[in-house]
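Me: I'm new to this structure and would like a close look at a single part of it. Could you pick up the sheet in the second chain, and then show me how the rest fits around that part?

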Amino acid sequence: MRYLPSAPSEDRALLDAIGVQRAEDLLGGVPSELRLKRELNLPGHLSEQEVLRQLEALAARNTPFQARFLGAGAYDHFVPTAIDMMVSREEWFTAYTPYQPEVSQGTLQHIFEYQTLICDVTGLEVSNASLYDGGTSTVEAALMAVRLQKKRNTILISQGLHPHYQEVLCTNITPHEGLKLVTVALKDGVTDMEDLKSKLTPDVACFLAGYPNFLGCVEDLTAISALTKAAGALLVSVTQEAMAFGWLEGPGKVGADVACGEAMSFGNKLSWGGPYLGFIAVRDAHKREMPGRIIGQTKDLDGKTGYVLTLASREQHIRRDKATSNICSNQGLVALRANIFLQLAGPEGLKGLAEQNAAKAQYLQSRLLENPKFKAAFTAPFFNEFVTRFNGDVKQLQATCEKEGILPGLDLSPYAENLKNCILWCATETTTREQIDRLIAVVSRVA
Amino acid sequence: MSLRTREPLSFERSVPGKVGMDLPKLDVPAARDTRPAHLKRSGFDAIPSLCEVDVVRHFTRLSKWNYGVDDGMYPLGSCTMKHNPRLNEKTAALPGFAESHPMTADAHVQGNLALFYTMQEWLKEITGLQAVTLHPSAGAAGELTGVMLIRQYHLAHGRKRRVILIPDSGHGTNPATSAMAGYEVVELPSREDGSISFEDVTDPATGKVRKGLLTLVKELGSEIAGAMITNPNTVGVFEYRIQEISEILHGIDALLYMDGANMNALMGVARPGDFGVDVMHLNLHKTFSTPHGGGGPGSGPVACSAALERFLPRPVVVKEGEKYRFDWNRPDSIGKVHAFYGNYAMVVRAMTFCLSHGGDGLKAATMRAIVNANYIRRQLEGTYHLQYTTPTLHEIVFDDHIQNGNDITTLDIAKRLLDYGFHPPTIYFPLVIHGALMIEPTESESKEELDAFVDTMKKIAQEAKDNPEILHQAPTTTPVRRLDETAAARKPVLRWVKA
């Protein structure tokens, strides 16, 4: 077994030193009636070649697509080569949580930089070291808002949040008997302001709005925040496509008190949904209710600048059942990818990428709308995703595209009654004009 | 080691105009500006302007300030810092996996679904349980999923219960998780041998009586939803009465949750499903070698009994003939716990680890991990104090009792280890051992590495007697020395701000 440092002479020497005949003699603490009396019913060990062959065969069972027009919470952006090269350095990927800061300054300084960048793109003051994904960061943001808003027990959410985030939120809020989850309807693809106004009762702790939302529409956070502020509720922006921060103002600068969501778009591959990058940022006044790890700057004995895990009294290993969250790990290596990505992109690169995303999506929309079977579903501005109504058989349209090696937009029919025959399209900087023109040619063949 | 003394924050090195990413030529008309004026991105205050050379050097230099498993022994107890095989990285990056979109129809991701299904089958066999979900993102997320399964189980049986029992030696995530799942936590005391006490325990110092398992069950009975127990526990001791505990809990219709953080001690040796566990999580980043990544991403699958299967997070992968599909129609499910299906690329790595080892290799890994920990125990017993003398499996917890005489604490010992080029063990955990030094060598360490570690620990013990000041000053060879954590928390500086 290539991963075990076993050699007969040394194995014997170890056992002799311990004073046992066989390794099994060390299992004395495990009552014999509780031990497994047989070998595991699993295949035997394999060489690298054999394992690789099996996994390559599995990977080959996934359909490769030459063009993708699917987003919906997972975005196909270009990943600069330097990112893979950097994160494959063992010092990054084989280290653990920086419990010993003297030999973890690399990780600690990286996270401090990551926190700074998340604050920058969101326009807020304090970020943590990252959370699991967009779904769970939405949960943590909502629970934090409830902690900050003592005596208010209702979490108000826009129906425009990613439906999976809504479900993850529901899963996690249900066990809290005192908490209520209430949904605000959409009107023309964005939060219905009348409905919001009527539901902003004194028991509402926070309102969660997509920015942009699941349907690609850009919510007017400024207008929403005027209402939430008047009602004493916190405004939480939920962003599932962080690339939009190159196009849209940071939510903290247009009224959001908390920004959370998914930042896989910064330097990560699709990888069938994970590992992705949950982020959260808040105003300074709220930092002591923040979930998860936070890195802070300090000095060492010689007065040299260094970084440490800080504000740990919020966390599970100190506070146990009184902690702000049960989260222990973060998405360290994924956050590192995002950090490297943003530093490579720079401010101009991020804006430029975002402009390309918007340009491709606008071109895709205009080409689709040339076909009378497609109608724009909403009028709100969008970033790189938008919805069209299709006057035809969506399933057939999808099948036709897939047969041509094209992954089409998401069929929204299962998500809501009024989204029947609606398709959520996405284009990014990786989408080429040629791919779009080919898609248009293929869909034109669908009756 | 060529450690630069200081690598500035990248923000301080920014030179406007530098470019680290060239954008492709735009092949469609430029974007029309459809944004309301107030929502237009104004600018950025921190993102630096650097070229690729700057960025690559920055992250290379920073990396050199880290210590990883490839640098040497990393005996962080409870964290299972084993070797991260490079093949796992290669398989996770196969384009077929890495480029698959999570919203793709089942028919086009048969490879992913097959891999998911196979991994679940392996974990079922390893744990002896009947069903598995791979969705939770990390150990703590697995715990939360598991406790929510327990909650759903009771609700389905028309029971409302408010209490979860957790031993005082448990990971902090256990009580934090129970609170997040709406439960009240009641602590179970440990006995002198490190196991859970069935009887009441009187603290010899304070005379305070702490209720044991039997009293708590008698008094709280129908309010107890379950117990969360780490096995082997955080002192490396197998909870030898685990089956009895399970029977007592089942006697009051409560369930047994096992924190599987220490599963590296049990593969092929004993199966939780066989000794009465109803539900447990595994840490793919511990037992199954997926890299720790400086703090994540992890992956925390949950295994459970047949009685809990219907409550598992949706969607659940099912096999029909040679085809696989996601079953979303799960009316009793607790719901989704991750936006998609968890940290899939970590599952690919763990599957690679499993295929490489096979059933025989997994058991061999466990046995070697146990031998390594016992070798260290034997070599350091006497030099360092052992609170519990019970047989231990994959890890061993010493403390600083002997060294306290020379005014030396666990922290000093840990910091001195850094000067000798070792990552220290987990310190000050579990809380039940004052000044704990929790050593988990894992199966990856050779005799040569173990001996070097043992020699160093002995040398430090000698230094503690001869020259304690060296230990108080340690470390002196690291990129920074001891850092002022109090100042960091008192006046938090949590991001860079332009001067």
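**A close look at the sheet of chain B**

Reply: Let's start with two strands that sit side by side. Strand β7 (residues 255-259) of chain B and strand β8 (residues 279-281) of chain B run parallel and are joined by three bridges. To put your finger on one spot, take B:Asp259: its bridge partner in β8(B) is B:His281. Keep in mind that this is a predicted model.

Now zoom out a little. β7 and β8 belong to an open sheet of seven strands in chain B, and if you walk across it you meet β1-β9-β8-β7-β6-β2-β3 in that order. The pairing in this sheet is mixed. At the edges you find β1 (131-133) and β3 (184-188) of chain B, each of which pairs on one side only. The sheet isn't flat as you step from strand to strand: neighbours are turned by 20° against each other on average, ignoring direction.

There is a helix lying on this sheet, too. Helix α6 (residues 173-180) of chain B packs there and touches β2 (163-167), β3, β6 (224-230) and β7 of chain B. If you compare directions, α6(B) makes about 175° with β2(B).

Where does that leave us in the chain as a whole? Chain B is divided into domain 1 (88-357) and domain 2 (359-485). Going by C-alpha atoms, the centres of these two domains of chain B are 29 Å apart. Where they meet, domain 1 of chain B puts in 21 residues and domain 2 of chain B puts in 22 residues. On the domain 1 side of that contact in chain B, you'd find nine nonpolar, 10 polar and two charged residues.

Chain B also has a partner. In the contact between the chains, 165 residues come from chain A and 172 residues from chain B. On the side of chain A that touches chain B, helix α11 (residues 332-369) of chain A gives the most, with 23 residues. Sorted by class, that side of chain A holds 79 nonpolar, 55 polar and 31 charged residues.

α11(A) is worth following further, so to speak, into chain A itself. Chain A is divided into domain 1 (67-78 + 347-443) and domain 2 (81-341), with C-alpha centres 27 Å apart. Here 25 residues of domain 1 of chain A are in contact with 24 residues of domain 2 of chain A. On the domain 1 side, α11 and β14 (385-390) of chain A each supply at least two residues, and α11(A) gives the most, with six residues. That side of domain 1 of chain A divides into 16 nonpolar, six polar and three charged residues.

Finally, look at a helix that α11(A) packs against. The axes of α11(A) and helix α13 (residues 433-443) of chain A come within 10 Å and cross at roughly 20°, which means that α11(A) is roughly parallel to α13(A). The crossing of these two helices of chain A is right-handed. From α11(A), the contact is made by A:Tyr363, A:Leu364, A:Arg367 and A:Leu368, and from α13(A) by A:Arg433, A:Ile436 and A:Ile440. By class, this contact of α11(A) with α13(A) has five nonpolar, no polar and two charged residues.

Methods: Residues are numbered from 1 along each chain as its sequence is written. Chains are lettered from A and ligands numbered from 1 in the order in which they are written. This is a predicted model: local features need pLDDT of at least 70, side-chain atom pairs count only at pLDDT 80 or more; totals for chains, interfaces and linings use all residues. Domain bounds come from an automatic or database domain assignment. Two residues are in contact if their C-beta atoms, placed from the backbone, lie within 7 Å. Ala, Val, Leu, Ile, Met, Phe, Trp, Tyr, Cys and Pro count as nonpolar, Asp, Glu, Lys and Arg as charged, and the others, Gly among them, as polar. Helices (H or I, at least four residues) and strands (E, at least two) are DSSP runs, numbered from the N terminus. Axes are lines fitted to C-alpha atoms, for helices over the stretch in contact, and angles run from 0 to 180 degrees between N-to-C directions. Angles under 35 degrees count as roughly parallel, over 145 as roughly antiparallel, 65 to 115 as roughly perpendicular and the rest as oblique. A crossing is left-handed if the near helix is turned anticlockwise from the far one by less than a right angle, and right-handed if clockwise. Two strands pair if DSSP finds at least two bridges between them.
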